[in-house]
Amino acid sequence: MPERFKVSKADEDADPYPIDENATGKLLNDINDPCDNTLNEQCNEKSNIDANLYLYDDELETRPHVSTFISSLANYENTIPSATDQDSKTAAPSARMGTLIGVFLPCIQNIFGVILFIRLTWVVGTAGAVCGFLIVLTCCCVTMLTAISMSAIATNGVVPAGGSYFMISRSLGPEFGGAVGMLFYTGTTLAAAMYIVGAVEIVLTYMAPWASIFGDFTKDPDAMYNNFRVYGTLLLLIMGLIVFLGVKFVNKFAAVALACVIFSIIAVYIGIFDNINGNEKLYMCVLGKRLLKDIPIDNCTKSDSLLSDIFCDENGCDEYYTNNNVSKVKGIKGLASGVFYENVLPSFLEKGQLIAYGKNTVDIENMAPSTYNQIIADITTSFTLLIGIFFPSVTGIMAGSNRSGDLADAQKSIPIGTICAILTTSTVYLSSVILFAGTVDNLLLRDKFGQSIGGKLVVANIAWPNQWVILIGSFLSTLGAGLQSLTGAPRLLQAIAKDEIIPFLSPFAVSSKRGEPTRALLLTIVICQCGILLGNVDLLAPLLSMFFLMCYGFVNLACAVQTLLRTPNWRPRFKFYHWGLSLVGLTLCISIMFMTSWYFALVAMGMAIVIYKYIEYRGAEKEWGDGIRGMALTAARYSLLRLEEGPPHTKNWRPQILVLSKFNENSMPKYRKIFSFATQLKAGKGLTICVSVIQGDHHKITNRAVDAKAALRKLMDDEKVKGFCDVLVSSDIAEGLSSVIQTIGLGGMKPNTVIIGWPYSWKKDGSESWKTFIQTVRTVAACHMALLVPKGINFYPESNHKIGGNIDIWWIVHDGGLLMLLPFLLKQHRTWRNCKLRIFTVAQMEDNSIQMKKDLKTFLYHLRIEADVEVVEMMNSDISEYTYERTLMMEQRNEMLRELRLNKKENSKIVQTIVDHHHDVTKTSSKVRFADPTVNIEEKHENEADGDEKVKTREAEVDTLETKMENGSTLNMVEKGQSEDEKPEKHIMGGTNRPDEVNVRRMHTAIKLNEVIVNKSQDAQLVIMNLPGPPRESKIDRETNYMEFLEVLTEGLEKVLMVRGGGREVITIYS
């Protein structure tokens, strides 16, 4: 758990269970037993004390009493450590703050900023009273809607410090939280840069213009911006040093800055009404309709040589100067003058145009070779650009939520304090727009740097009693806001780093010996310096707006998502919210971003996307109960209900795979490559569920089941199987598998294809794996699911290998087209992509093989599957002597087992001995003998060597048993009391009993097909064939015969995939 999450005890009273362990989140079953085993008397006393709750005495050993649990949460504290001074003494516990001190005033301080003093008059003059009012109203609506959403989130439980980062990360998940947290951090850092540049602008432009080191910046904008860069860098270093050394000073200076802001605003209001009839001390010099700069008011006449020297040279005077008169215009006309009507309409200009009354081209376009002393527009202005420049003036609404840990009642104070602060600041801004438009002349409002009145700040000249109140107050408040940003941004970065969701930020989680985030402070200073190098508030403000708009947009999104999902945990105390308002706020944020600056918007969104994807792929997994997971659950529920409306169409059929895996003695999946095959079949897409069944009692082997599931999940991850896994504990393996096949899945996402491994050990001593296999085949068929049985699985290729060759499909019977679809799906994976498809089918005696081949090619053409086609004719239907012998040996083995009534172990030994002896005598070994792939080859050779000494003995036993088998049938009938007439009719052939005709025919089919398949597909990379259906009767001899038929059918083939369809069409020729 990150270090920033701290928990304090509610009290120190003795308690039967440690409070610390409950509060810090330990598992309840990890709490030590409070009673020592040797102190039985004390335990009895405890039981006597809790006599009223004695029924729950056993529960209290692992689960705390309610009083214990509640007391552990009484003083729960979960905040980012505040900035502290190492040298200061440990402060006594401070009283919890109320709404006014804890929320309202901090929000006021953070919302009112440098834009109010140095840009609001210019925004009003450029946009006009109407558009200016709409600009301010739009920005205030964004913050109000965001505040409503934030209040709902903030009152839905404890919100530690971190502001929007914490709320979004816990509401929308670590990916969104990390992305927005970094945007919030970047925005806060750039806000510090804007405050520093604004403070430098106030000093150099209005307080000490003589301090310029790059010449007269009033005539060269580049010189002004270079001054801002140099002095801004020096001021940043000083402020960074103060934050590093004097945190105590920063915290105390905040109160001073707040007082300066409030007093400055009051001074402006008083000055407006004090100058209701205008100010006779402030005049501008106007040529025609153009505003002039750096002209003393006493020299504002054509008769004065100053103007003629400026506009005239040896070639003559400027045409505009010649055709227009020079006049003195009062800059502050007062509310009673009616100047408001002149400031109603906007006056947007292109860069380089002149500031003048009206929109006449003659007045605003400069046709002369020089601008002379006329004031020009330094940037191109528009309604949307002004929104971006003004928007930072309304940010700072998160100040209250950041201090939730210090509030007496955060659930009450945050909504009331934040909304009241926004209403207050919005009222100030909106009223200022109206009052500025009704007091100040249009030309002076549009004079951004006050060059027409001698480089004075317009707002400062309105204020009462004089301009220095505003200049000093705005400078100190700007410094205070910058210090707060430089103090808060590193702690926010450290909080994100401690959450461990962005790995590359881990170095910034470290604190210094004094507990300060020194590394994060250094990074913040570097980023802030990059912002200062822009050197222009008008460039910084729109960029800064992007990051805050992104944060506010995600706050609205978080509230809307939580409300629409109706999660049980969404129970805000603040009731005056609605998802519609949140969506309107989100829409406004996105719209303003792109209206203001689409390229800055793309930069901010690109940054958020990059961080989101980085956290998604590289970040630590966090489970915070976020709304995105809830949204995924809701979407999944909706989709599942839609899928439940009916079975999927043939065109939409795709294999949803259920892999039945077997565990070995070490609780590891026995056949690893069966998972690789599942991955290749799905080509990395679709649903796969892997399940294993463990025999035993669940409550006794729970830990083993958990470990087995973990091993299964690890193997799935290693083989890149995308899906789910589970382990079922059952008293019977076959019944467990049957339950899994019948119940696995949900709605329309139930598996339709089962992959099960071949039981290689079905002939071994005491093995009943064949019973489980056949029962599983029957269950799959009864559930109308497709079945895939890979044989020789250890020879299958790895998923990271590429192979070439042929995939041979032996199409014997049609069971829905799955036999055609599987190789096509396999070829989608890179492992099988280079293989060619060959389709073989068997012609019967009455079939026209030529026409059959032609029809099959046409069918494949319509299926859009490229494959070579071959029709195999099996003309020789005579049953060979080897078929009779193989069938007879199979039947005699089953009959002998019944007669001798041996135990299972003896049965397996004798049968295996007979079969092995028969194979050695009657037929040579095939190319591949399918043994259990998990058996070590060296051990197998050692066992064979050890068994050489017993060969003679076993051969003698076989001779004896075969002799008994020849005459055993009659003996058995006699023993059962049957007469010779009751015996089935037997014919003698070659000195042996004639086997059952049905078994002979099936064995004949298996042998003949095997001969043809081995002849045609011996070198194929994979042979796919139909899996014959299991016997309908559940008799041991019929079932073992079935397993023998499958063994004969696949002898001599290295990699075989036996397929049995689910009884429905899965492929179609139609589009």
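## Exercises on rings, strands and sulfur links

Phe112 and Tyr429 are both buried. Keep that pair in mind, and keep in mind too that this is a predicted model.

**Exercise 1. Work out how many aromatic pairs there are, and what geometry Phe112 and Tyr429 adopt.**

Step 1. Start with the count: 18 aromatic pairs turn up.

Step 2. Now take one of them. The ring centres of Phe112 and Tyr429 are 5.6 Å apart, and their planes meet at 70°. The cut-off for edge-to-face is over 60 degrees, so at 70° this pair is edge-to-face.

Step 3. Place the two residues on the chain. Phe112 is in the loop between α4 (99-111) and α5 (114-118), while Tyr429 belongs to helix α16 (residues 410-439). The pair therefore ties together parts that lie 317 residues apart in sequence.

**Exercise 2. Look at Phe548 and Tyr552: stacked, tilted or edge-to-face? And which cluster do they join?**

Step 1. For Phe548 and Tyr552, the centres are 6.2 Å apart and the planes are at 40°, so call this pair tilted.

Step 2. Both sit in helix α21 (residues 537-565), and because they are four residues apart there, about one helical turn separates Phe548 from Tyr552.

Step 3. Check the burial. The limit for buried is under 20% relative accessible area. Phe548, at 7%, is buried, and Tyr552 is buried as well, with a relative accessibility of 1%.

Step 4. Widen the view: Phe184 and Phe391 join Phe548 and Tyr552 in one aromatic cluster.

**Exercise 3. Find what lies over the ring of Tyr320 and over the ring of Trp122.**

Step 1. Over the face of Tyr320 you'll find Arg290, 3.7 Å from the ring centre.

Step 2. Over the ring of Trp122 sits the charged end of Lys448, at 4.3 Å from the centre.

**Exercise 4. Lay out the open sheet that contains β1, and say which strands stand at its edges.**

Step 1. The three strands of this open sheet come in the order β2-β1-β5, and the pairing is antiparallel.

Step 2. Read off the edges: β2 (290-291) and β5 (326-330) have a single partner strand each, so each has one side without a neighbour in the sheet.

Step 3. Zoom in on one pairing. Strand β1 (residues 283-287) and β2 are antiparallel and share two bridges. Across from Val286 you find Leu291 in β2.

**Exercise 5. Find the disulfides and say how buried their cysteines are.**

Step 1. There are two disulfides to find.

Step 2. One of them connects Cys285 and Cys300, with 2.1 Å between the sulfur atoms. The angle about the S-S bond is 90°, and this link is right-handed. It joins distant parts of the chain, since Cys285 is in strand β1 and Cys300 is in the loop between β2 and α11 (305-311), 15 residues apart.

Step 3. Cys285 has a relative accessible area of 2%, so it is buried. Cys300, at 4%, counts as buried too.

Step 4. The other disulfide is between Cys312 and Cys317, with an S to S distance of 1.7 Å. This link is right-handed as well, with 105° about the S-S bond. Cys312 is buried at 19%, but Cys317 is partly exposed at 41%.

Step 5. What about Cys139? Its closest cysteine sulfur is in Cys140, 6.8 Å away, so the two are too far apart for a bond.

**Exercise 6. Why is β17 largely enclosed, and which strands join it?**

Step 1. In strand β17 (residues 1056-1060), four of the five residues are buried, so the rest of the structure largely encloses the strand.

Step 2. On the antiparallel side of the story, five bridges link β17 with strand β10 (residues 786-791). Pro790, for instance, faces Leu1057.

Step 3. With strand β16 (residues 1022-1026), β17 runs parallel, through four bridges. Here Val1056 is the bridge partner of Val1023.

Step 4. Add helix α36 (residues 1036-1050), and β16, α36 and β17 make up a right-handed β-α-β unit.

How values were computed. Residues numbered from 1 in each chain as written. Predicted model: local features only at pLDDT ≥ 70, side-chain atom pairs only at ≥ 80, totals over all residues. Heavy atoms only, no water. Buried < 20%, exposed > 50% of the residue type's maximum accessible area, 1.4 Å probe, protein only. Pairing = 2+ DSSP bridges. Right-handed = clockwise from strand over helix to strand, strands pointing away. Phe/Tyr/Trp six-rings, centres within 6.5 Å; stacked < 30°, edge-to-face > 60°. Lys NZ or Arg CZ within 6 Å of the ring centre and 35° of its normal. Disulfide = S-S within 2.5 Å.
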